[in-house]
Amino acid sequence: MDKHNVQIGTPQPGTNLPAGYSPSYPPASFQGPPGHTGYPGPQAGYPGPQGAYPSPQAGYPGPQSAYPGPQAGYSIPPASYTGAGPVGFPVQSQPGGPAGTPWMPAPPPPLDCPPGLEYLTQIDQILVHQQIELLEVLTGFETNNKYEIKNSLGQRVYFAVEENDCCTRNCFGPSRPFTLRILDNLGQEVITLQRPLACGSCCCPCCLQEIEVQAPPGIPIGYVAQNWHPCLPKFTIQNEKREDVLKVVGPCVVCSCCSDIDFEIKSLDEESLVGKISKHWTGFLREAFTDADNFGIQFPLDLDVKIKAVMLGACFLIDFMFFERNQD
């Protein structure tokens, strides 16, 4: 009878002893007799602690030495899956930009470089590709321009978006004032271009075209000012103090027909060629039915990074003044 009571009695938590039994020394699972080297493991018939983590069942293989891989029926994520990624990791695509185009890795920022312009320190060529807007192609209704800015390897450096209202775009056309916001791969605005409403006719020598370049936004780093000339399109690139740095001289006839159009960047005396802004021929259909243009900008690698950003502003000003008229 006593043995039967022991088997059906309620054990105490952590022991295999019947209720009401008081041992003369602490159980072996906690201390053990003198000379005991350690807990020898579960004894035969030991059911394990009650109300706690269950003991290993028969046939349990024990801890695995390595991850055995996905179970049967588990779908392996595709190779392109990156998961959530670490916090602060640069995004690989921007809203509005074509998917799959890689971004240029951010180089370490040099001293006295406005934040976001460090990308320009390692390149001597910029490609500017205007995106085709389907609504504009089908209806002729002017929309805000969007541009991809890439390096010579095809890696995206910036993404530019025009900010304007519908009335201004369609009433003033290519002469419209605008704010162009240039974003980096984190979606942060690093350069702002502001163009006021002005006259662009060679018959009027006053109130000529101008664009202000800010980096970071709100801090001017340079200007592009149109110079009056009866035949040639001419511009002056200025620094933040409005001191003349370089000249831009275009061809007498700005007409794109199966060839590129070059605007040469020269020294102030116009004797030395420093670089050029080229409007690339994109094919008959695109040239005839859209105003989406492609440009290339070449400059010395060691040129001041701020002046490189101002040259980018000159490219956008040239685009609006001479190549935004195809559908008008």
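**Exercise 1. Determine how strands β3 and β4 are joined in this predicted model, and place them in the sheet to which they belong.**

Solution. Begin with the two strands themselves: β3 covers residues 156-163 and β4 covers residues 178-183, and five bridges join them in an antiparallel arrangement. Within this region, Phe159 stands opposite Leu183 of β4. Next, follow the pairing onwards, which gives a closed barrel of 12 strands in the order β1-β2-β3-β4-β5-β6-β7-β8-β9-β10-β11-β12, paired antiparallel. From one strand to the next, the twist averages 20°. Finally, look for the helix that meets this sheet: α5 packs on it, touching strands that include β1 (125-130), β3, β4 and β12, and its direction makes about 40° with that of β7 (220-227).

**Exercise 2. Find which residues have the most contacts inside the largest nonpolar core, and which element gives the core its largest share.**

Solution. The largest nonpolar core has 50 residues, and Leu117 and Phe316 are those with the most contacts inside it. The largest share of this core, 13 residues, comes from α5. To see the surroundings of Phe316, set aside its neighbours within four places in sequence; the residues then in contact with Phe316 are Val128, Tyr147, Ile149, Ala160, Leu180, Ile182 and Leu193.

**Exercise 3. Classify the ring pairs Phe263 with Phe322 and Phe295 with Phe323, and state whether each of the four residues is buried or partly exposed.**

Solution. The structure holds seven aromatic pairs. One of them, Phe263 with Phe322, has its centres 5.8 Å apart and an angle of 35° between the planes, and is tilted. This pair links distant parts of the chain, with Phe263 in strand β10 (residues 261-266) and Phe322 in helix α5 (residues 305-322), 59 residues apart. Phe263 counts as buried because its relative accessibility is 0%, whereas Phe322, with a relative accessible area of 23%, is partly exposed.

For the other pair, the centres of the Phe295 and Phe323 rings are 5.7 Å apart and the planes stand at 65°, so the pair is edge-to-face. Because Phe295 lies in strand β12 (residues 294-298) and Phe323 in the segment after α5, this pair ties together parts that are 28 residues apart in sequence. Phe295 is buried, with a relative accessible area of 1%, and Phe323 also counts as buried, at 6% relative accessibility. As a last step, put the residues together: ring pairs link Phe263, Phe295, Phe322 and Phe323 into a cluster.

Terms used: Residues are numbered from 1 along each chain as its sequence is written. This is a predicted model: local features need pLDDT of at least 70, side-chain atom pairs count only at pLDDT 80 or more; totals for chains, interfaces and linings use all residues. Side-chain values use heavy atoms; hydrogens and water are left out. Rings of Phe, Tyr and Trp (its six-membered ring) pair if their centres lie within 6.5 Å; planes under 30 degrees apart count as stacked, over 60 as edge-to-face and the rest as tilted. Helices (H or I, at least four residues) and strands (E, at least two) are DSSP runs, numbered from the N terminus. Buried means under 20% relative accessible area, exposed over 50%, partly exposed in between (1.4 Å probe, protein chains only). A nonpolar core is a set of buried Ala, Val, Leu, Ile, Met, Phe, Trp, Tyr and Cys residues joined through side-chain atoms within 4.5 Å. Contact means heavy atoms within 4.5 Å. Two strands pair if DSSP finds at least two bridges between them. Axes are lines fitted to C-alpha atoms, for helices over the stretch in contact, and angles run from 0 to 180 degrees between N-to-C directions.
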